[in-house]
Amino acid sequence: SEVATELPPKTEIVSVVEMEGAQRDLYETIRVSMHNKIWQAIDQKGIGRSKIIILDALLKLRQVCCHPQLLKIPSAQKVKHSAKLNQLMEMLPEMVEEGRRILLFSQFTSMLAIIELELVKHKIGFVKLTGQTRNREIPIDEFQAGKVPVFLISLKAGGSGLNLTAADTVIHYDPWWNPAAENQATDRAHRIGQDKPVFVYKMITSGTVEEKIIQMQMKKQALADALFAEGSQGSAISNEDLQALFEPLG
């Protein structure tokens, strides 16, 4: 708040994606399977001791939302279509043509690898930063110098500690349940030294766990703390919360 008056405006845009076809069917199959598994675990061990199973179920559903190929099971590997990736690749060429400089965040390095292949196919220049990047300064310097328009960044590796004021656009490909982590990532571009308005796109798959948990966060921050904080036993999440998270697609 102390430096807000010195920064250009920041505009947040929620980009809602509709799943369809085989991807939608896969989501429903995984949802039903994990829903039954979770309630069996809760009946046997209680909700507080079922956190690992709940997190595993949420992870699988989030992976399907990003791209079925992230889920290493045979039925998912057969699904080659991702509505979210298709929408991203409709957005990016137009943004690059407009001269936008883009930071693209994902929590999944395997998702960044898939996006990388699409960028090569569309002949869009990029650099990448993940936990496997040995010399972080090379991709940072190339992006800041304007050599490439897109910077692919894993949230864990690049969510803080970077100054990327050459960017005027931030895309969060998959939402993280802790808004502070997303905000820290956005602040790689929206920080002292930025002289351009910054546009922040949050890609959300409609009707899925991505949309529901963000809605819950607005009402109940304790939900995120219960599920994802280190050492938490999940005591703040209720049966009603779980029913909402795993309810069928509309």
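Student: Leaving aside its neighbours within four places in sequence, which residues is His-172 in contact with?
Tutor: Good place to start, and please keep in mind that this is a predicted model. His-172 is found in strand β5. Once residues within four places in sequence are set aside, the contacts of His-172 are Phe-105, Glu-182, Ala-185, Thr-186, Val-200, Tyr-201, Lys-202 and Met-203.

Student: Is His-172 buried or exposed?
Tutor: A residue counts as buried when its relative accessible area is under 20%. The value for His-172 is 2%, so this residue is buried.

Student: With which side chain does the side chain of His-172 make a polar contact?
Tutor: Thr-186 is one of the residues that His-172 touches. The two side chains make a polar contact at 2.9 Å, and the partner of His-172 is therefore, by the 3.5 Å cut-off, Thr-186.

Student: Which strands does helix α8 lie across, and at about what angle does α8 run to β5?
Tutor: Helix α8 takes in residues 179-186. The strands it lies across are β1, β2, β5 and β6. Relative to β5, the helix runs at about 150°.

Student: In what order do the six strands of the open sheet stand?
Tutor: The pairing in this sheet is parallel. Neighbouring strands are turned by 20° against each other on average, direction ignored. Read across the open sheet, the order is β1-β6-β5-β2-β4-β3.

Student: Which strands stand at the edges of that sheet, and why?
Tutor: An edge strand here has a single partner, so one of its sides is left without a neighbour in the sheet. That applies to residues 10-17 and to residues 126-129, which are β1 and β3.

Student: Over how many bridges do β5 and β6 pair?
Tutor: Strand β5 covers residues 169-172 and strand β6 covers residues 198-205. Val-170 stands opposite Val-200 in β6. The two strands pair in the parallel sense, and the number of bridges is four.

Student: What is the bridge partner of Val-14 in β6?
Tutor: β1 and β6 pair in the parallel sense over eight bridges. In β6, Val-14 is matched with Lys-202.

Student: How many of the eight residues of β6 are buried?
Tutor: Val-198 lies in strand β6. With a relative accessible area of 0%, Val-198 is buried. The strand is mostly covered, and its buried residues number six.

Student: Which residues does Val-198 touch, not counting those up to four places away in sequence?
Tutor: For scale, the C-alpha atoms of Val-198 and Trp-39 are separated by 43 Å, with their places 159 residues apart along the chain. Val-198 has these contacts beyond four places in sequence: Pro-9, Lys-10, Thr-11, Asp-168, Val-170, Ala-189 and His-190.

Student: Which residues does Met-91 touch, not counting residues up to four places away in sequence?
Tutor: Met-91 has its place in helix α4, residues 83-97. Its relative accessible area of 14% makes it buried. Past four places in sequence, Met-91 touches Ser-15, Ile-171, Tyr-201 and Met-203.

Student: How are the rings of Phe-143 and Phe-151 arranged?
Tutor: A search of the whole structure finds one aromatic pair. In that pair, Phe-143 and Phe-151 lie 5.5 Å apart centre to centre, with 50° between the planes. Both residues are buried. Planes under 30 degrees apart would count as stacked and those over 60 as edge-to-face, so this pair is tilted.

Student: How many disulfides does a search of the whole structure find?
Tutor: A disulfide needs two cysteine sulfur atoms within 2.5 Å. The sulfur of Cys-66 has its closest cysteine sulfur in Cys-65, 6.8 Å away, which is too far for a bond. Cys-65 is buried at 1% relative accessibility, and Cys-66 is buried at 0%. Over the whole structure, the number of disulfides is zero.

Student: What is the phi of Lys-123 near?
Tutor: Most residues other than glycine have a negative phi. Lys-123 lies in the loop between α5 and β3, and its relative accessible area of 78% makes it exposed. The phi of this residue is positive, near 60°.

Key. Residues are numbered from 1 along each chain as its sequence is written. This is a predicted model: local features need pLDDT of at least 70, side-chain atom pairs count only at pLDDT 80 or more; totals for chains, interfaces and linings use all residues. Side-chain values use heavy atoms; hydrogens and water are left out. Buried means under 20% relative accessible area, exposed over 50%, partly exposed in between (1.4 Å probe, protein chains only). Two strands pair if DSSP finds at least two bridges between them. Axes are lines fitted to C-alpha atoms, for helices over the stretch in contact, and angles run from 0 to 180 degrees between N-to-C directions. Contact means heavy atoms within 4.5 Å. A polar contact is a pair of N or O atoms within 3.5 Å; within protein, one must be able to donate a hydrogen and the other to accept it, and residues adjacent in sequence count only if both atoms are side-chain atoms. Rings of Phe, Tyr and Trp (its six-membered ring) pair if their centres lie within 6.5 Å; planes under 30 degrees apart count as stacked, over 60 as edge-to-face and the rest as tilted.
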